[in-house]
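Visitor: I would like to look closely at a single part of this protein, the place where one strand turns back beside its neighbour. Please take me through it slowly, and then show me how it connects with what surrounds it.

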Amino acid sequence: AVARFDQEHSQVDIPGGAHAASLTQIQDALEQYQGIGETGEYVLGMIEGDQIKFLLRQRMFNVDDPLSIPLQGELDEPMRLALMGESGSIIAHDYSGTIVLAAYEPVEILNLGIVAKMDMDEITAPFIKTAWIAMAISGLIIALGTLLFFRFSDSIVRDLEKSGLELSQLSQRLKLATESAGVGIWDWDVKENILVWDDTMYLLYGIKAGDFSGAYEAWVQGLHPEDKARSDAEVGQALEGGKPFDTEFRVIWPDSSTHYISGTGSVFFDTEGAPERMIGVNWDITERK
């Protein structure tokens, strides 16, 4: 804007004319301004032969002692692009080989390029500092979290060990109670058709563990012929309606003796409403019968 005004309206009679007047004003303005942050600065340059001649570098040197670098060299890509008539921003080396973030623009009236740049180290420093602070805080939080975890987990482990001991004792007491009462416990995985008995169940049916296949059909086969169909139907009704299984039936022992059994059970369903498991108990009522 300064150059355009001087070119159209300046009547000063100085060596170089309006061009020199404009350049003098721009240099004077930029020299009075110390740049951006710690490393940011404005740089003016022009093409002189096969060189880039810097007319002003705010932080580096006096305008009476300008620096030149090869136009086709590897340094100062931002200024080279500005002098080629391009504008934009780029991360590249400046005239000293430092990696900078630079904005560049041509000043066509004066055949100059102007670059505003700052070292990447200065730009990234706040982010690196923040990252280190965040890492330190995170490390502190992790350390405190770990300390609290072990403190609370020790208490939880002790509670679990105590609960496990109590559950083990409860299980032993339950086993003693059911055995002393002659009550057998069974668990039937309906989907896999796996029927699991405790020791008392084998006593109630007069067989050894190896003589029972663990299938539902094997249980039905051991019933009295007159009770098979009815008992099977009652189990089916329990599976369909979800009502507790509660019945009496007879079993034939291998020695051909007949024993009366009372049985109850409850059905458990999966999330889709299909019967998944049935658990119950049996006890001998032969003497009462």
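**The β7 and β8 hairpin**

Guide: Begin with one facing pair, in which aspartate 187 stands opposite valine 196 of β8. What you see is a predicted model, in which local features need pLDDT of at least 70 and side-chain atom pairs count only at pLDDT 80 or more, while totals for chains, interfaces and linings use all residues. Residues are numbered from 1 along each chain as its sequence is written, and side-chain values use heavy atoms, with hydrogens and water left out.

The strands β7 and β8 run antiparallel and are joined by 4 bridges (strands pair if DSSP finds at least two bridges between them; strands, E, of at least two residues and helices, H or I, of at least four are DSSP runs, numbered from the N terminus). Together β7 and β8 make a hairpin, with 4 residues between them. In that turn you will find asparagine 193, whose phi is positive, at about 55 degrees.

Now follow β8 itself, where Leu195 and Trp197 make up a covered face, whereas Ile194 and Val196 make up an uncovered one. In a regular strand, side chains alternate between the two faces of the sheet. Val196, the residue opposite aspartate 187, therefore belongs to the uncovered face of β8.

On the covered face, pause at tryptophan 197. Leaving aside neighbours within four places in sequence, tryptophan 197 is in contact (heavy atoms within 4.5 Å) with Ile185, Trp186, Tyr202, Tyr205, Ile207, Phe212 and Trp219.

Trp197 also leads us into the largest nonpolar core, which has 23 residues (a core is a set of buried Ala, Val, Leu, Ile, Met, Phe, Trp, Tyr and Cys residues joined through side-chain atoms within 4.5 Å, and buried means under 20% relative accessible area). Trp197 is one of the residues with the most contacts inside this core, alongside Trp186, Trp188, Tyr205, Trp219, Val235 and Met278. Both strands of our hairpin, β7 (183-189) and β8 (194-197), are among the elements that give two or more residues to this core, and the others are α5 (199-205), α6 (216-221), α7 (228-241), β9 (245-252) and β10 (258-269). The largest share, 4 residues, comes from α5.

Elsewhere there is a second, separate core of 14 residues, which includes Leu83, Tyr95, Val100 and Val115.

Note on methods: Buried means under 20% relative accessible area, exposed over 50%, partly exposed in between (1.4 Å probe, protein chains only).
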